[in-house]
Amino acid sequence: MKNVLPFLILLMLLMGTSTALGQECGKGNWTISIYVPNGTIAKNLRYELFSVQPKNIERESSALNKYVIKAFDIRNFERCYGGDCSEAYKIDPLVAEKFLKAYDASAFQEVRPDLLTDSNSLKRKVKSGKISFRTWETFQMLLLLKISSDNFKPKYLLGNFLGGCYRRENLLLTESF
């Protein structure tokens, strides 16, 4: 019994001071539900993802935040530090289109090929009004999502669409051609 008491005290001290964090989910889904006004249908609804993390900027640096704030005219972007966004930022269409007009994919980090699975594609038609990305909790990469159709003006979102846990977004397409 004498030998057990010091062991129990040591165990209690270690348990009380542990700061180890476990994973929340490992993997999840980010689902974006797309809605249109009653009586209309979004024809040929599709999406496309673009990496917006320059190759020469570290993911977890203030330089990335400064770049994104300037490139996309976003305020309060610091809460998305390192690409770990819990929600998507709506980007002004004129700002996004200016960015994409000058876009050179070779200047930006590539999405890891192992993340591009059946449910994750850089470009795809949208079925049943939903986009669902398979996510990995610890993956962080900022991506610009362009959602477009033949009869509605495009919408642009910026976020970590392939990282994090389970998230849901709703998006309303309102401006038609």
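**Figure 1. Asn151 and its surroundings in the predicted model.** Asn151 sits in the loop between S6 and S7. The model is predicted, not experimental. The side chain of Asn151 offers a polar atom 2.8 Å from the backbone oxygen of Ile41. A polar contact at 3.2 Å links the side chain of Asn151 to the side chain of Ser149. Setting aside neighbours within four places in sequence, Asn151 is in contact with Ile41, Ala42, Lys43, Ser176 and Phe177. Ile41 therefore appears both in this contact list and as the residue whose backbone oxygen faces the side chain of Asn151, within the 3.5 Å limit for a polar contact.

**Figure 2. Strand S7 and its two pairings.** A hairpin of six residues joins S6 to S7. Strand S6 covers residues 143-148, and its pairing with S7 is antiparallel, with five bridges. In this pairing, Lys146 has Tyr156 of S7 as its bridge partner. S7 also pairs with strand S3, residues 89-91. That pairing is antiparallel too, over three bridges. Here Lys90 has Leu157 of S7 as its bridge partner. How well covered is S7? Four of its five residues are buried, so S7 is mostly covered, with buried meaning under 20% relative accessible area. In a regular strand, side chains alternate between the two faces of the sheet.

**Figure 3. The disulfide of Cys25 and Cys165.** The structure holds one disulfide. Its partners are Cys25 and Cys165, with sulfur atoms 2.1 Å apart. The link is left-handed, at -95° about the S-S bond. Distant parts of the chain are linked by this pair, 140 residues apart. Cys25 lies in the loop between helix H1 (4-17) and strand S1 (27-35). Cys165 lies in the loop between strand S7 (155-159) and strand S8 (167-172). Is each cysteine buried or partly exposed? Cys25 has a relative accessible area of 26% and is partly exposed. Cys165, at 12%, is buried. The two fall into separate classes because the cut-off for buried is under 20%.

**Figure 4. The largest nonpolar core, with Ile32.** This core has 25 residues. Which members touch the most others? They are Ile32, Phe133, Leu145, Ile147 and Phe161. The elements that give two or more residues to the core are S1, strand S2 (46-51), strand S5 (130-136) and S6. Ile32 has a broad list of contacts once residues up to four places away in sequence are left out. On that list are Gly129, Lys130, Ile131, Phe133, Leu145, Leu157, Phe161, Glu169 and Leu171. Another core, of 17 residues, lies apart from this one. Among its members are Val68, Phe72, Ala96 and Phe108.

**Figure 5. Two non-glycine residues with positive phi.** Asp73 has phi near 50°, a positive value, and is not a glycine. Asp73 lies in the loop between helix H2 (62-72) and S3. Its relative accessibility is 47%, and Asp73 counts as partly exposed. Ser128 also has a positive phi, about 55°, and is not a glycine. Ser128 belongs to the loop between strand S4 (123-125) and S5. Is Ser128 buried or exposed? Ser128 is exposed, at a relative accessible area of 75%. The two residues get separate labels because exposed requires over 50%.

**Figure 6. Arg112 and Met141.** Arg112 lies in the loop between helix H3 (93-101) and S4. With a relative accessible area of 41%, Arg112 is partly exposed. How many residues separate Arg112 from Met141 in sequence? The separation is 29 residues. In space, their C-alpha atoms are 9.9 Å apart.

**Figure 7. The whole chain, for orientation.** The protein chain contains three helices and eight strands. From the N terminus, the order of elements is α-β-β-α-β-α-β-β-β-β-β. The chain has 177 residues, and 41% of them count as buried. Take the contacts between residues at least 6 apart in sequence: 73% join residues at least 24 apart. The accessible surface of the chain is about 11100 Å². Carbon and sulfur atoms account for 54% of that surface.

Methods: Residues numbered from 1 in each chain as written. Predicted model: local features only at pLDDT ≥ 70, side-chain atom pairs only at ≥ 80, totals over all residues. Heavy atoms only, no water. Disulfide = S-S within 2.5 Å. Buried < 20%, exposed > 50% of the residue type's maximum accessible area, 1.4 Å probe, protein only. Pairing = 2+ DSSP bridges. Polar contact = N/O pair within 3.5 Å; in protein donor to acceptor, adjacent residues only side chain to side chain. Contact = heavy atoms within 4.5 Å. Areas by Shrake-Rupley, 256 points an atom, 1.4 Å probe, with all protein chains shown as cover. Core = buried A, V, L, I, M, F, W, Y, C linked by side-chain atoms within 4.5 Å.
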